[in-house]
Amino acid sequence: MESRIKIAPSILSADFGILRDQVIEAQEGGADYIHIDLMDGQFVSNLTMGPLIVDAVRKSTNLPLDVHMMVLEPSRFVSELVDVGADLLTVHYESAKHIHRTILDVKSLGAKAGIAINPGTSSDVIKELLDQIDVVLVMTVNPGYSGQEFIKSMVPKIKNVRKMLDDSSSEVELEVDGGINVDTVKLVADAGADIIVAGSAVYNHKNTVAQSIKNIRELIF
Ligand code: DX5
Ligand code: ZN
């Protein structure tokens with residue numbers, strides 16, 4: 001049985017020595033997207049991946065690539081990322097001077113566009129952008145690292161966004177990212193998420209990648 005909710009494993013927690021194998025394991029384990037966390041050491045303190053890694057992941061799987069850009073002025077990297085095969089580019093509301101223009105740039109290149117909002121950012125900021133985007137990403141940790149604790153007080157925000165989308169019959173998908181594991185996934189699913197990101201719960205787990213995805217999936221049917 002197919003779950004209504006999509007699962008997007010974040011390779012930030014993967015073993016980079018065997019990245020291709022880790023991506024294939026997620027695909028074979030039933031992942032719907034591969035979530036790739038780009039961090040520039042400025043918007044967040046961590047420094048992670050860029051277009052080269054997106055290119056390498058593109059060559060390892062046919063799954064859609066969900067690229068989460070935690071970089072200042074994301075517009076600088078949009079065209080390069082689309083060129084190497086990113087399917088969904090999600091930019092942080094807090095990171096761009098002209099977020100509307102950045103979103104239009106993404107769309108004009110034929111990719112899907114998402115807006116991410118930090119825990120401290122009100123969901124009201126997405127209202128004027130809903131007609132332009134494909135995904136809203138609600139952060140349930142402060143961005144920068146895998147393995148942080150889920151911020152439970154974000155659950156009402158997820159519900160607010162769900163209501164905002166439903167009230168306007170919007171087809172925008174609601175993605176949630178940060179601290180999602182077998183203990184927290186049901187809260188997120190019940191609050192109305194369409195896409196769930198999981199990093200350490202998929203890759204830093206005593207189980208295999210496929211088993212970890214299955215354990216999450218079983219809780220959200
Ligand atoms: C955090 C990243 C997340 C992270 C999720 O800034 O955006 O995608 O990899 O990892 P977990 O699921 O361990 O919180
Ligand atoms: Zn992410």
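**From a buried glycine to the cores and pockets**

G199 lies in the loop that runs between β8 and α7, and in this predicted model it offers a convenient point of entry. With a relative accessible area of 12%, G199 is buried, because the limit for that class is under 20%. Leaving aside neighbours within four places in sequence, the residues in contact with G199 are S10, S13 and N204. The C-alpha atom of G199 is also separated by 7.4 Å from that of G147, although the two glycines are 52 residues apart along the chain.

G147 leads on to the largest pocket, since it is listed with Y145, S146, G178 and G179 as the closest to the pocket's centre among the 28 residues of the lining. About 310 Å³ of space lies in this pocket. Two or more lining residues come from each of β2 (34–39), β3 (65–70), β8 (195–198) and α7 (200–203), so that the two elements flanking the loop of G199 are both represented in the wall. The largest share is that of β2, which gives three residues. Sorted by class, the lining is made up of twelve nonpolar, 13 polar and three charged residues.

The second largest pocket holds about 150 Å³ of space. Its lining consists of L38, M39, D40, Q42, L47, T48, M49, G50, P51, V71, R76 and F77, and by class these comprise seven nonpolar, three polar and two charged residues.

L38 belongs to this lining and is at the same time one of the residues with the most contacts inside the largest nonpolar core, together with I11, I34, I36 and V54. That core has 69 residues, and the element that gives the most to it is helix α5 (residues 155–167), with five. A second core, separate from the largest, is built from six residues, among them A8, Y33, L88 and I195. The surroundings of I11 show how distant parts of the sequence are brought together: apart from neighbours within four places, I11 is in contact with F16, L19, V23, I34, H35, I36, M49, I53, V57 and Y203.

Two of these partners of I11, L19 and V23, are also buried residues of helix α1 (residues 19–28), where Q22 and A26 complete the buried set. Viewed down the axis of α1, the buried residues fall within an arc of 100 degrees, and they therefore line one face of the helix. What do the buried residues of α1 pack against? Their partners are β1 (6–9), β2, α2 (51–58), α7 and α8 (209–219). After α1 comes G30, a residue with a positive phi, near 100 degrees.

Positive phi values also occur elsewhere in the backbone, in residues that are not glycine. Most residues other than glycine have a negative phi. E73, however, has a positive phi near 45 degrees, and it is found in the loop between β3 and α3 (78–83). The relative accessibility of E73 is 24%, so this residue counts as partly exposed. S169 likewise has a positive phi, of about 45 degrees, without being a glycine, and its place is the loop between α5 and β7 (173–177). S169 is exposed, with a relative accessible area of 64%, and the loop that carries it follows the helix that gives the most residues to the largest core.

Terms used
Residues are numbered from 1 along each chain as its sequence is written. Chains are lettered from A and ligands numbered from 1 in the order in which they are written. This is a predicted model: local features need pLDDT of at least 70, side-chain atom pairs count only at pLDDT 80 or more; totals for chains, interfaces and linings use all residues. Side-chain values use heavy atoms; hydrogens and water are left out. A nonpolar core is a set of buried Ala, Val, Leu, Ile, Met, Phe, Trp, Tyr and Cys residues joined through side-chain atoms within 4.5 Å. Buried means under 20% relative accessible area, exposed over 50%, partly exposed in between (1.4 Å probe, protein chains only). Helices (H or I, at least four residues) and strands (E, at least two) are DSSP runs, numbered from the N terminus. Contact means heavy atoms within 4.5 Å. On a 1 Å grid over the protein atoms alone, a cavity is a set of points where a 1.4 Å probe fits but cannot get out, and a pocket is an open set with protein on both sides within 12 Å along at least five of seven lines; lining residues have an atom within 4 Å of a point. Grid points are joined across faces, edges and corners, and a volume is the space filled by probe spheres set on the points. Ala, Val, Leu, Ile, Met, Phe, Trp, Tyr, Cys and Pro count as nonpolar, Asp, Glu, Lys and Arg as charged, and the others, Gly among them, as polar. The arc is that of the directions from the helix axis to the C-beta atoms.
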